[in-house]
Amino acid sequence: MTYKVNMRLGKRIKRLRKELKISQEELAGRAKIHRTYMGRIERGESNPPVYTVYKIATALRKSLKDLF
């Protein structure tokens, strides 16, 4: 179950990032997380804590609700 949630979250983040036409590296910089960690999140390989998801949402100019 957790894996599916992580995959869906990662795909959603990736889609929103591409809509903004920014790279993973730029999004990671905006969210103040490591670029390789951002890649793992987008691929659904990582289960980020709520605060990290909040930082990503803020960097995407979205609410937490918009990511889910």
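In these views a residue is buried under 20% relative accessible area, exposed over 50% and partly exposed in between (1.4 Å probe, protein chains only). The model is predicted: local features need pLDDT of at least 70 and side-chain atom pairs 80 or more, while totals for chains, interfaces and linings use all residues. Numbering starts from 1 along each chain as its sequence is written, and side-chain values use heavy atoms, without hydrogens or water.

**View 1. The whole protein has five helices and zero strands.** Helices (H or I, at least four residues) and strands (E, at least two) are DSSP runs numbered from the N terminus. The order along the sequence is α-α-α-α-α. Along the principal axes, the C-alpha atoms occupy a box of roughly 30 × 25 × 20 Å. Buried residues make up 38% of the 68 in the protein. Of the contacts (heavy atoms within 4.5 Å) with a separation of 6 or more, 51% join residues 24 or more positions apart. About 4600 Å² of the protein is accessible (Shrake-Rupley, 1.4 Å probe; for residues, only the protein chains shown count as cover), and carbon and sulfur atoms supply 53% of this area.

**View 2. A salt bridge joins Glu 42 to Arg 17.** A salt bridge here is a side-chain nitrogen of Lys or Arg within 4 Å of a carboxyl oxygen of Asp or Glu. The N to O distance between the side chains of Glu 42 and Arg 17 is 2.6 Å. Glu 42 belongs to helix α3 and Arg 17 to helix α1, so the pair ties together parts that are 25 residues apart in sequence. Both ends of the bridge are covered: Glu 42 is buried at 6% relative accessibility, and Arg 17 is buried at 8%. Helix α3 spans residues 35-42, and its buried residues are Tyr 37, Met 38, Gly 39, Ile 41 and Glu 42.

**View 3. Other salt bridges include Arg 30 with Glu 26 and Glu 45 with Arg 43.** The whole structure contains four such bridges. Arg 30 and Glu 26 meet at 2.9 Å, N to O. These two residues are four places apart in helix α2, about one turn of the helix. Residues three or four places apart point the same way because an α-helix has 3.6 residues a turn. Arg 30 is partly exposed, with 31% relative accessible area, and Glu 26 is also partly exposed, at 36%. In the bridge between Glu 45 and Arg 43, the N to O distance is 3.1 Å. Glu 45 counts as exposed, at 52%, whereas Arg 43 is partly exposed, at 45%.

**View 4. Gly 44 is buried in the loop between α3 and α4.** Its relative accessible area is 3%. Gly 44 follows α3 and has a positive phi, near 80°. Apart from neighbours within four places in sequence, Gly 44 contacts Tyr 3, Asn 6 and Met 7. Asn 6 lies in helix α1 and is buried, at 8% relative accessibility. Not counting residues up to four places away in sequence, Asn 6 touches Ile 41, Gly 44, Ser 46 and Asn 47. The C-alpha atom of Gly 44 is 10 Å from that of Ile 13, a residue 31 positions away along the chain.

**View 5. Two loop lysines, Lys 21 and Lys 32, have positive phi.** Lys 21 sits in the loop between α1 (2-19) and α2 (24-31), with phi of about 60°. Lys 21 is exposed, at 75% relative accessibility. Lys 32 is placed in the loop between α2 and α3, and its phi is near 60°. Lys 32 is exposed as well, at 68%.

**View 6. Tyr 51 and Tyr 54 form the one aromatic pair of the structure.** Rings of Phe, Tyr and Trp (its six-membered ring) pair with centres within 6.5 Å; planes under 30 degrees apart are stacked, over 60 edge-to-face, the rest tilted. The two centres are 6.1 Å apart and the planes make 25°, so the pair is stacked. Both tyrosines lie in helix α4 (residues 50-59), three residues apart, about one helical turn. Tyr 51 is exposed, at 57%, and Tyr 54 is partly exposed, at 43%.

**View 7. Val 50, Tyr 51, Tyr 54, Leu 64 and Phe 68 make a nonpolar surface patch.** Patch residues have over 30% relative accessible area and no salt bridge; like charges are joined within 9 Å, nonpolar side chains (Val, Leu, Ile, Met, Phe, Trp, Tyr) within 5 Å. Together the five residues have about 590 Å² of accessible area. Helix α4 contributes the most, with three residues. Val 50, which lies in α4, is exposed at 62% relative accessible area.
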